[in-house]
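Notebook open, model loaded. I want to go through the salt bridges, the rings and the core, and jot down what I find.

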Amino acid sequence: MSDLQTIKNIGPAFEEQLIAAGIADAQTLRSLGPDAAYAMLLAAGNKPHFIGYYVLVMALQGRPWNDCKGAEKEALRIKFDALKANRTQNDTGIERELDAVGTGLIR
């Protein structure tokens, strides 16, 4: 176990995803911030999921995952959609097609 699980809301499964994306420790995650870290998760082939994104944001703020509400959640949705759109723009044609049918990015 790395020290990633010392951050609120990060359990074993999320830790595995972060490590697989190249984020091996809590300091690296904090230095990257939620947007860059989430972009790395997407680049590593994780499917975009809004809840996962805002859980990461809340984790890095030391807040409970379900603390995100109202205007704050709406603003995070806009950021998430931009991250997701950027991911799609960087995909090759076959990767977009495979992702559309639910296989995720080729890695």
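I started at Asp81, which is partly exposed at a relative accessible area of 32%. My cut-offs: buried is under 20% relative accessible area, exposed is over 50%, and partly exposed is in between, with a 1.4 Å probe and protein chains only. Asp81 makes a salt bridge with Arg77, and their closest N and O atoms are 3.1 Å apart. I count a salt bridge when a side-chain nitrogen of Lys or Arg is within 4 Å of a carboxyl oxygen of Asp or Glu. Arg77 is partly exposed too, with a relative accessible area of 33%. Both Asp81 and Arg77 belong to helix α4, four residues apart, about one turn of the helix. That spacing suits a helix: an α-helix has 3.6 residues a turn, so residues three or four places apart point the same way.

Note on the source: this is a predicted model, where local features need pLDDT of at least 70 and side-chain atom pairs count only at pLDDT 80 or more, while totals for chains, interfaces and linings use all residues. Residues are numbered from 1 along each chain as its sequence is written, and side-chain values use heavy atoms, with hydrogens and water left out.

**Other salt bridges**

I searched the whole structure and got four salt bridges. Which residues are linked in a network of salt bridges? They are Arg63, Asp67 and Glu72. Arg63 meets Asp67 at 2.8 Å, N to O, and Arg63 meets Glu72 at 2.7 Å, again N to O. I checked the acids for exposure: Asp67 counts as partly exposed at 33% relative accessibility, and Glu72 is partly exposed with a relative accessible area of 30%.

**Rings**

Back to Arg77, since its charged end also sits over the ring of Phe50, 4.9 Å from the ring centre. The rule there is NZ of Lys or CZ of Arg within 6 Å of the ring centre and within 35 degrees of the ring normal.

Next I looked at ring against ring. I pair rings of Phe, Tyr and Trp (its six-membered ring) if their centres lie within 6.5 Å; planes under 30 degrees apart are stacked, over 60 edge-to-face, and the rest tilted. By this rule I get five aromatic pairs. One of them is Tyr38 with Tyr53, edge-to-face, at 5.4 Å centre to centre and 70° between the planes. This pair links distant parts of the chain, with Tyr38 in helix α2 (residues 26–43) and Tyr53 in helix α3, 15 residues apart. Tyr38 and Tyr53 are both buried. Ring pairs join Tyr38, Phe50, Tyr53, Tyr54 and Phe80 into a cluster.

Phe80 got its own check. Phe80 is found in helix α4 and is buried, with a relative accessible area of 2%. What does Phe80 touch, not counting residues up to four places away in sequence? I find Tyr38, Pro48, His49, Phe50 and Tyr53, with contact meaning heavy atoms within 4.5 Å. Phe80 and Tyr38 are 42 residues apart in sequence, yet 8.9 Å apart in space, C-alpha to C-alpha.

**Helix α3 and the core**

Is helix α3 enclosed or open? Eight of its eleven residues (residues 50–60) are buried, so the helix is largely enclosed by the rest of the structure. The buried ones are Phe50, Tyr53, Tyr54, Val55, Leu56, Val57, Met58 and Ala59. After α3 comes Gly62, with a positive phi near 75°.

I then pulled up the largest nonpolar core, which has 24 residues. A core here is a set of buried Ala, Val, Leu, Ile, Met, Phe, Trp, Tyr and Cys residues joined through side-chain atoms within 4.5 Å. Those with the most contacts inside this core are Ile10, Leu18, Leu29, Tyr38, Tyr53 and Leu76. The elements giving two or more residues to this core are α1 (12–20), α2, α3 and α4 (70–90). α3 gives the most, with seven residues. Leaving out residues up to four places away in sequence, Ile10 touches Leu4, Gln5, Glu15, Leu18, Leu29 and Ala59.

**Whole chain**

I count five helices and zero strands; helices (H or I, at least four residues) and strands (E, at least two) are DSSP runs, numbered from the N terminus. Of the 107 residues in the chain, 32% are buried. Among contacts between residues at least 6 apart in sequence, 41% join residues at least 24 apart.
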